[in-house]
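Colleague: I am new to reading models like this one. Could you take a close look at the charged side-chain pairs for me?

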Amino acid sequence: MTHPVRTPVVAADGGLVHFALDDLLAGRASSMRIELSDAGAAEPWLTRLVGAETSLTVLAKGHADLPARPELARLALLLWLRRWWPAGPSLGVPSLDPALLDLETAVATVEVEEVAEGLLDGFEASPAELFDTAIADDALLAAAPPVAHEVRSLCTRLAAWFDDQDDVVRAEAAAEVLARLAIAAPGQRAYTLAAGTDPGAPGESVLASGRASVDWARVPSGILDAAEETVTWRIVTAAAATRLEVDVAGAFADATLTAVATHDGEPFAEVSLALGAGRFTGTADLDEAASRLVASVHSGRIGLVVGVAAEGVAGTTAEDRAEVVALVRARPPEDRTLAERAAAASAEEEF
């Protein structure tokens, strides 16, 4: 089965709407695949989306490949960006501001609901929830300067929609953002990535060491550099104890993260990671059994997983990640989202 990193999807009421990643990123989405899980729940929105005749055909088969609706394609792309965008300085891919992504996704969600009301029942986030997240702690105001005109346009759109929904509080909040943007001074965000690992102290020796890559499926989006081999680890022995040290370079934001050491795929130690200067680090003493294990095996049989290590997680491969990065780097400028345009503008300001 194709991994979710390669399959943008909109979760509909009673079904899923899939798109091809390469088509979305290239700005040429021409088809979409609808797969139904509950025909009764899907019938109302499906009829509004594709018409009564086509709807009957899809309901009978349970699936269909149909011409893409631009509103759904846009929402699928934004949802994919929020989960899978592979930011990394060494990749030449900038971070995307989550507040701008949330704002644009809120508007895209509104537009899908206007095309096919009820399609997004039970959806992961409503326009109201997305807007609330975008404006929390003035995040949207901080991110807006490079694309202020477009942010004002989206806020105007949301203000009108909230007003139609009799959501007076959010309509006023959107209007307030508009007013504050009119007087806001330009701003710029910068990230500094530190590098290096402390050498061992006198009286210590390194039993095993290695490098690893972060599996995008096991960590939250927008937290870590998406490049390969950003993780270094070593197991150090001393008179008092044997410990595991982990360093993950390229941190963009704080999060609760752990690293799990494995032997032939079986976990034997876990380290809590803490955010430092542009990186996550952590150290944990090994118990007696783990210490004996490490002393008796070759380094090549020891691995390290950053993030969720549960077997049920469908992990990405190095090939998955390389393909996605290539598609993102080839993305046409004219098809960039608001957050991408803001990132590009900020990068130009820095140089």
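Modeller: Here is a walk through the salt bridges, with a short stop at the aromatic rings.

This is a predicted model, where local features need pLDDT of at least 70, side-chain atom pairs count only at pLDDT 80 or more, and totals for chains, interfaces and linings use all residues. Residues are numbered from 1 along each chain as its sequence is written, and side-chain values use heavy atoms, with hydrogens and water left out.

Start with the general idea. Side chains of opposite charge can pair when their charged atoms come close. A salt bridge here is a side-chain nitrogen of Lys or Arg within 4 Å of a carboxyl oxygen of Asp or Glu. The structure holds 21 of them.

Take R74 and E104. Their side chains form a salt bridge, at 2.7 Å from N to O. R74 sits in helix α4 (residues 70–84) and E104 in helix α5 (residues 98–115), so the bridge ties together parts 30 residues apart in sequence. Helices are DSSP runs of H or I, at least four residues long, numbered from the N terminus. R74 is partly exposed, with a relative accessible area of 28%. E104 counts as buried, at 8% relative accessibility. The cut-offs are these: buried is under 20% relative accessible area, exposed is over 50%, and partly exposed is in between, using a 1.4 Å probe and protein chains only.

Next come R292 and E288. Their salt bridge spans 3.0 Å, N to O. They are four residues apart in helix α10 (residues 288–296), so about one helical turn separates them. Both R292 and E288 are exposed.

Now look at E340 and R331. The closest N and O atoms of this salt bridge are 2.7 Å apart. E340 is buried at 6% relative accessibility. R331 is also buried, with a relative accessible area of 6%. Elsewhere, salt bridges that share partners join R6, D320 and E323 into one network.

Last, the rings. Phe, Tyr and Trp rings (for Trp, the six-membered ring) pair if their centres lie within 6.5 Å; planes under 30 degrees apart are stacked, over 60 edge-to-face, and the rest tilted. The whole structure has two aromatic pairs. In one, the ring centres of F131 and F162 are 5.4 Å apart and the planes are at 55°, so the pair is tilted. F131 belongs to helix α6 (residues 127–135) and F162 to helix α8 (residues 148–164), so this pair ties together parts 31 residues apart in sequence. Both F131 and F162 are buried.

Methods:
Helix = DSSP H or I, 4+ residues; strand = E, 2+ residues; numbered from the N terminus.
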